[in-house]
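Reader: Could you walk me through how the chains in this model pack together? I'd like to go step by step.

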Protein chains: 2
Amino acid sequence: MARKATTIVLKFGGSSVANSECIERISKIAIRESKEHNVIVVTSAMGKTTNQLIDLANQVCPGCDGRELDMLLATGELVSISLAAMAIQKLGHPAVSLTGWQAGFVTESSHNKARIAEIKCDRINKHLELGEIVVVAGFQGITEDGEVTTLGRGGSDTSAVALASAFKADRCDIYTDVKGVYTTDPRVVKEATKLDHISFEEMIELASLGAKVLHPRSVELAKKYNIDLRVRSSFKPENKGTEVISLQRMKDMELTKAVTGVALDTKQAKIAIISVADRPGIASKVFGELGKNKINVDMIIQSVPRDGINDIAFTVPREDMETAKAVCEEILKDIEGSKVEADDGIAKVSIVGAGMLNRPGVASTLFETLSQAGINIQMISTSEIKISCLIDEADATKAVQVIHDAFELEKSSEPIIV
Amino acid sequence: MARKATTIVLKFGGSSVANSECIERISKIAIRESKEHNVIVVTSAMGKTTNQLIDLANQVCPGCDGRELDMLLATGELVSISLAAMAIQKLGHPAVSLTGWQAGFVTESSHNKARIAEIKCDRINKHLELGEIVVVAGFQGITEDGEVTTLGRGGSDTSAVALASAFKADRCDIYTDVKGVYTTDPRVVKEATKLDHISFEEMIELASLGAKVLHPRSVELAKKYNIDLRVRSSFKPENKGTEVISLQRMKDMELTKAVTGVALDTKQAKIAIISVADRPGIASKVFGELGKNKINVDMIIQSVPRDGINDIAFTVPREDMETAKAVCEEILKDIEGSKVEADDGIAKVSIVGAGMLNRPGVASTLFETLSQAGINIQMISTSEIKISCLIDEADATKAVQVIHDAFELEKSSEPIIV
């Protein structure tokens, strides 16, 4: 078997390699693709392995991170790659597994969320020349000093896209346990429809908003290198899945829509600082202190000042709510505020669509839809292709449902003109 | 913290790192020793991890071995070293974990039972200079070509002894879940006594005979480099354990005994080839064919020829019995034999003692003891410091008990003169 003219990267997530049956299934996919292409497979750790390893670490040393946590977490993918290589061999095709360092993943030296500095392609090339399917451990690399690093959340997707770029792959298929990217979470709205196409930009917004199929970091990277990225199901490989393509191509294909999907995020909490002084430096003080405490702030609203005082409200990850509240209370005197309120009973519902900008009326349709359903909007934030509303968590499911209906997303495999 | 004048190696087996509580326990042992010495810790995989990984491999690819199995099995130790390093750090002492390749273990390129070619000491030295406890993954290494290898059965003990030699360690403590080396298996004979001292030679024989505390390969290595080797319990670290020392030192200390221990091996089967021709080349044909099939033969008996024909009997690992029988049946015509018999209902009971050679009567005491207990001896083999008898498996426990009694091994912490 010799090297083919084209190369593709296939990434299989934890649920696609959860047991021996799953591993056999993905091995067949890899072998089928190898008839036409050189195949580089990237796997995540099996099933819930990474979480189990984190639990173990917390038993031994609660809150430990850094170098040793990377050493521990990197083992998960080593198990799945060797099993996948064995399974492929058993089905009669030559295969080899490579750890992050063997595969040439050089990262910067920060632990737990290192960025890839370089992929040294020699060793993978050597195995591709031999006609072998190369199974690479996702999520990990090595520093110039020989220290094992991991890439953080979404690391395996990022590994796959980085390989697709380094090997000028024709395609990067991200296999998961769902058939593709949906107009919204099918568990919330049963009419949710799989999208055949989505732009990188929309995918980044949806991914950031909690659609778990792809990590925004990997989509950013795919956009940067213009990788042909597909989201597919390893359980239904015959399905074409969702193709993530450039916005220009979406436009050329007349596929851009006002609203592509609805996303729901119930993992945030709201903090409000009441009656702070309306003078320069207040916002930078507040968000500076939160930043020092490594708290990511998402939505921010500063109300119109009234009588020289202001309210500032923002959202943070729910697990950081208490810390964020304490941080704000500590600086309350400095910023001349009266009190800090925290609320974890909120949800953020968002619509995303690359065609939003050119179609007026999308925002008002959204607000009217929520209003007619009796749902109060607490905060609003917008970007070029996204509108997010903060609402009561109790209304979350209903909100997604009425929005999905209002924009007729159940017909979403056809382009919709609002 | 700076480097100390002396270095010791502490090896912890699977049961000593089975959970977070165990890992904390061994971390305290390492920290205590680090007050006086530079400490290199070697760990096995946690509990039954290696067996679980083998089960996984067999689910995916029954009987797979070679490179990918090594990739898989090497992960077990990576989990335990990172957890141990975290636990030591949590207790306030600097520590670092190193994989086999990071620790400089270079092996020959055969997989699944590679031998160590070299330990490159630079990286461990660098960490010892910093006053860190260095936690090294046992059982594994890397070839010159960057392939991960494992050392096979007893690999972690071998890693520890090799490190003790490379770093000229004052001591190599092998921590396990028993207090040391016993005169026989305490589960079989309740009067079994822990030995304070044993010679390398006796330990090798006992280890080969199935005393599971130390692998013979590691004892061979310790003997070769004259390492001060101790077997201790991580659950009772205050206990001094058993010191494995040179035969000369045993003699100098007047500690050599006619019988040091009794070992029982119930994992063998007997094959007998009946009535083969009594001519040159028969034995080499039989054992040559078995060797080609990678079957290890232990005891061999060829009876005194009678009327130009012979019987050949030997023992093999029980799991290889059917294969061995088939191999023999295949060559039965060539060697002019009449039939092949196989029996897996046998056991091998052995006595070991460095003082055996100089004390006549040991063998006859053994045979008489068995005879008086009504136990029939099917085969006998002897070495300088060992006598083994093959008996019916049903008599195994009784045999060990009566032999232990006959040689008064319950008094064994004192020297015995037969």
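Reader: Which handedness does the crossing of α4(A) and α2(B) have?

Author: Happy to start there, with the reminder that this is a predicted model. The two partners are helix α4 (residues 75-90) of chain A and helix α2 (residues 49-60) of chain B, whose axes come within 9 Å. Their crossing is right-handed.

Reader: Are α4(A) and α2(B) roughly parallel or antiparallel to each other?

Author: The axes cross at roughly 30 degrees. Angles under 35 degrees count as roughly parallel. α4(A) and α2(B) are therefore roughly parallel.

Reader: How many nonpolar residues does the contact of α4(A) with α2(B) have?

Author: From α4(A) come A:Leu83, A:Met86 and A:Ala87, and they meet B:Leu56, B:Ala57 and B:Val60 of α2(B). By class, this contact has no polar and no charged residues, and the nonpolar ones number 6.

Reader: Which element gives the most to the side of chain A that touches chain B?

Author: Let's widen the view: 24 residues of chain A are in contact with 24 residues of chain B. On the chain A side, α1 (20-34), α2 (49-60), α3 (67-73) and α4 each supply at least two residues. With 10 residues, the element that gives the most is α4(A).

Reader: What relation do chain A and chain B have?

Author: A turn of 179 degrees and a shift of 0.1 Å along the axis lay chain A on chain B with an RMSD of 0.2 Å. That is therefore the relation of a two-fold axis.

Reader: Which residue of chain A comes closest to the rotation axis?

Author: Going by C-alpha position, the closest approach within chain A is at 2.8 Å. The residue is A:Thr75.

Methods:
Residues numbered from 1 in each chain as written. Chains lettered and ligands numbered in written order. Predicted model: local features only at pLDDT ≥ 70, side-chain atom pairs only at ≥ 80, totals over all residues. Axes fitted to C-alpha atoms, helices over the stretch in contact; angles between N-to-C directions. Helix = DSSP H or I, 4+ residues; strand = E, 2+ residues; numbered from the N terminus. Parallel < 35°, antiparallel > 145°, perpendicular 65-115°, else oblique. Left-handed = near helix turned anticlockwise from the far one by under 90°. Contact = placed C-beta atoms within 7 Å. Nonpolar A, V, L, I, M, F, W, Y, C, P; charged D, E, K, R; others polar. Least-squares fit on C-alpha atoms with pLDDT ≥ 70 in both.
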